[in-house]
Amino acid sequence: MGLPASKRNNQRQWSLLDIVTAAFFGIVLLFFILLFTPLGDSMAASGRQTLLLSTASDPRQRQRLVTLVESGQHLQPIEYCPADAVAHMPCEDPRRNSQLSREMNFYRERHCPLPEETPLCLIPPPSGYKISVPWPESLHKIWHANMPYNKIADRKGHQGWMKREGDYFTFPGGGTMFPGGAGQYIEKLSQYIPLNGGVLRTALDMGCGVASFGGTLLSQGILALSFAPRDSHKSQIQFALERGVPAFVAMLGTRRLPFPASSFDLMHCSRCLIPFTAYNATYFIEVDRLLRPGGYLVISGPPVQWPKQDKEWADLQAVARALCYELIAVDGNTVIWKKPVGDSCLPSQNEFGLELCDESEPPSDAWYYKLKKCVTRPSSVKGDNALGTIPKWPERLTKVPSRAIAMKNGLDVFEADARRWARRVAYYRDSLDLELKSPAVRNVMDMNAFFGGFAAALASESVWVMNVIPARKPLTLDVIYDRGLIGVYHDWCEPFSTYPRTYDFIHVSGIESLIKRPDSSKSRCSLVDLMVEMDRILRPEGKVLIRDTPEVLDKVARMAHAVRWSSTIHDKEPESHGREKILVATKPLWKMPSNSH
């Protein structure tokens, strides 16, 4: 039975009033939830992450954000990346690289996304992150919370690599081929190789584990740069850098390693798993390119006198003979060779078909440069840089290298550069109150190193400097190695091959020149992306020093705010000519909100 019309209308009116009232109270309740509860924070974070992801999926949105940051109109700091990005390396992203060819380990080399494919965000530290243990204590222990990856300790603990002890990882100094410690192993090598007295200075440790070999060599005055690919053991190179040992991520695959010819006095492989004789000995040929004439090659582990690897061991010896390497010793599973000095005796006939490179083949070009199946002629490397003729360490730091003299006005330019950097570094210390030694600083990077003058001025301190030579500038990295310093080629329009939070101090002279086209005033990439990359590799409480014109530093100061740095601009040293100023910035230790996962 139906109700009278008046009662039906009345019921409809009450329903409408109820809805309006309920909606009003609902809005008030939602306001309080958003304002005062974790759910509100979570939703806000989710909104920020949606915005963040949109900068990766929509290039126009990303470019708008870059433009706002560059102009100083983006008043809020750039957003943080998701929590699972704490160890992100854009060019060594396993998810991206797993789609690529496995031939010659191509997929494990550098493969960088385009900037417009990358979210514009700041890499967060892991939960519980602490300021790193200072050098030299860090060589033996680091905070577990900074790298909470237990895989190496679990798998390699019995070999003395590292172990978990309370809040720390500790490093007994062992390795797969030297479970008794790197010290014992190095003592064995010193029976055959002049490891002290300054004869050897630069070393390359291939497939280095957590770099206990390189860390132990430091006490002999030998500066070893260690490398390994991003690997299944989780972050070998990150452990090395957290310990304060020179290291970076690389893979010997289809391209030359990013070093000039005749760089290293000693090259070392301890179970590095590089198949030196594969692909017509292509990898041995690359080692030969990098090894200084008169330098030493040490291989420990397979295939050296290894069960069931007789053919590989025979092939390895055959390649060494074809290149006229002198066999110094075979001690158990360790072999030591010495590279000949002078032009190669490479015969026209050998079982690997090895041939000398054409004289037009540039021996030191190595940025995205395909591996060659020909042997570098010693005579194609300028200057007299063989062990025995090059000065011993530390004299070689200050003596003008023959490869510098070979350049136009090289002698004068080198000497002026050395004086300039001694003066500048003294000013940094005395007038800008910068601490450029441990315990404040251990891992240092010079992004535009030229002849390594900045690093040379710090050589008496207990720091090491990664000297970066931009790939589009004059390739002066060979001079840096002849001085007994280390470094790599790199293009700063791409991310660097290191883990987040691995440098204490970053120095750059002429930051805008790193991204400009050589033939015009236009930029090849964005200064915003470069600043975000610098923030990625800088440790919390680390410092950045940038020298450039006042106009450039005004832009940099705006962007420093966007990446959460606090910065100040200073006058240059009084003796310096030109219009430069100096910006010094500090990265704070910021933490992600607990609900941003």
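**Cavities and pockets in the predicted model**

A search of the whole predicted structure identifies 5 cavities of 30 Å³ or more. The close-up views below show the largest cavity, the largest pocket and the second largest pocket.

**View 1. The largest cavity encloses about 250 Å³ of space.** Its lining comprises 20 residues, and those closest to the centre of the cavity are Arg110, Ala250, Arg255, Pro258 and Trp367. By class, the lining of this cavity divides into 12 nonpolar, 2 polar and 6 charged residues.

**View 2. The largest cavity lies between domain 1 and domain 2.** This placement follows because residues of both domain 1 (181-375) and domain 2 (395-587) contribute to the lining of the largest cavity. Two strands, β6 (247-249) and β15 (486-490), each supply at least two residues of that lining. With 3 residues, β15 gives the most to the lining of the largest cavity.

**View 3. The largest pocket holds about 950 Å³ of space.** A total of 40 residues line the largest pocket, and His88, Pro90, Pro113, Thr118 and Pro119 lie nearest its centre. Two or more lining residues come from each of the helices α4 (94-97) and α16 (527-537).

**View 4. Helix α16 provides the largest share of the lining of the largest pocket.** The contribution of α16 to this lining amounts to 6 residues. Taken as a whole, the lining of the largest pocket contains 24 nonpolar, 3 polar and 13 charged residues.

**View 5. The second largest pocket holds about 630 Å³ of space.** This pocket is lined by 34 residues, of which Gly207, Gln236, Arg271, Cys272 and Leu273 are the closest to its centre. The lining of the second largest pocket is made up of 17 nonpolar, 12 polar and 5 charged residues.

**View 6. Strands and a helix contribute to the lining of the second largest pocket.** The strands β4 (202-206), β5 (223-228) and β7 (264-270) each supply at least two lining residues. The helix α7 (212-217) likewise supplies at least two residues of the lining of the second largest pocket.

Note on methods. Residues numbered from 1 in each chain as written. Predicted model: local features only at pLDDT ≥ 70, side-chain atom pairs only at ≥ 80, totals over all residues. Heavy atoms only, no water. 1 Å grid on protein atoms, 1.4 Å probe; cavity = no way out; pocket = protein on both sides within 12 Å on 5 of 7 lines; lining within 4 Å. Points joined across faces, edges and corners; volume = space filled by probe spheres on them. Helix = DSSP H or I, 4+ residues; strand = E, 2+ residues; numbered from the N terminus. Nonpolar A, V, L, I, M, F, W, Y, C, P; charged D, E, K, R; others polar. Domains from an automatic or database assignment.
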